[in-house]
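Got a protein model open and not sure where to start? Let's walk through one together, a question at a time.

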Amino acid sequence: MYLSIYCYEKRLWMKTLENMALSGKKVYAMKIWEFFENMNEAVYASDVDTYELLYLNKAARDLFQFKDESDYKGKNCYEILQQCSSPCAMCTNNRLKPGVFYEWSRFNPLVRRSYLLKDTMVIDDGRRVRIEMAIDLDI
């Protein structure tokens, strides 16, 4: 019963995000961030063109042990989430399209966990924003 409800909520979230991306409507940052904030999965958002981190939900902040927004906001995703000095070789930004999810899996050596990753792009006031949800496969 609980798994069924959980899966339904995840599908609803995916469909909502997909519809927002396809419609070309502005993503209302506060509302969408509120939606992600208490999810058990780590979620982050970054600028597709500059790699600037825009948001990490509570699960992601806890995972990377960030106490404050200033620990990550405005910094490059590859520096903060992968400890790289340039964009990651496995970056999927070039595969992202509004309204479409790209799914892949990866082991993150920094946190020593394997993840199923669901990436998409939304357009927020002309800005291309990557949203990634990481589902822990090691649970």
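Below are some questions and answers about this predicted model.

Q: How many disulfides does the structure hold?
A: A disulfide needs two cysteine sulfur atoms within 2.5 Å. Take C77: the nearest cysteine sulfur belongs to C91 and is 6.2 Å away. For C84, the nearest one is that of C88, at 4.3 Å. Go through the model with that cut-off and the disulfide count is zero.

Q: Is C77 buried or exposed?
A: The word buried is used for a relative accessible area under 20%, and exposed for one over 50%. C77 comes out at 10% relative accessibility, so this cysteine counts as buried.

Q: Which helix gives the most residues to the largest nonpolar core?
A: That core has 16 residues, and Y44, L53, F66 and I80 are among those with the most contacts inside it. Strand 1, strand 2, helix 4 and strand 4 each supply at least two of its residues. The top giver, with three residues, is helix 4.

Q: Which residues of helix 4 (77–82) does L53 touch?
A: Leave out anything up to four places away in sequence, and L53 still has a good list of contacts, including Y44, Y72 and K75. Helix 4 runs over 77–82. Picking from the contact list with that range in mind gives C77, I80 and L81.

Q: How many residues are in the other core, the one with W33?
A: This core lies apart from the largest one. Its members include I32, W33, V43 and I131. Its count is 12 residues.

Q: In what sense do strand 1 and strand 2 pair?
A: The two strands form a hairpin with five residues between them, and Y51 in the turn has a positive phi of about 70°. One bridge joins Y44 to L56 in strand 2. There are three bridges, and the pairing sense is antiparallel.

Q: Where in the chain is R112, and is this residue buried or exposed?
A: R112 has a positive phi of about 55° even though it is not a glycine. You'll find R112 in the loop between strand 3 and strand 4. Its relative accessibility is 67%, so R112 counts as exposed.

Q: What phi does Q83 have?
A: Q83 sits in the loop between helix 4 and strand 3, and at 62% relative accessibility it counts as exposed. Q83 is not a glycine, yet its phi is positive, at about 55°.

Q: Which residue does R61 meet in a salt bridge?
A: R61 counts as buried, at 19% relative accessibility. Its salt bridge has an N to O distance of 2.4 Å. The pair links helix 3 to helix 2, with the two positions 24 residues apart in the numbering. The partner in helix 2 is E37.

Q: Why does the salt bridge of R113 and D136 tie together parts of the chain, and how far apart are they in sequence?
A: The closest N and O atoms of R113 and D136 are 2.9 Å apart. R113 lies in strand 4 while D136 lies in strand 5, so the pair ties together parts separated in sequence by 23 residues.

Q: How many salt bridges does the structure hold?
A: One of them joins E132 and R130, with the closest N and O atoms 2.7 Å apart, and both of these residues are buried. Salt bridges with shared partners also join D47, E52 and R127 into one network. For the structure, the count is nine.

Methods:
Residues numbered from 1 in each chain as written. Predicted model: local features only at pLDDT ≥ 70, side-chain atom pairs only at ≥ 80, totals over all residues. Heavy atoms only, no water. Buried < 20%, exposed > 50% of the residue type's maximum accessible area, 1.4 Å probe, protein only. Core = buried A, V, L, I, M, F, W, Y, C linked by side-chain atoms within 4.5 Å. Helix = DSSP H or I, 4+ residues; strand = E, 2+ residues; numbered from the N terminus. Contact = heavy atoms within 4.5 Å. Pairing = 2+ DSSP bridges. Salt bridge = Lys/Arg side-chain N within 4 Å of Asp/Glu carboxyl O.
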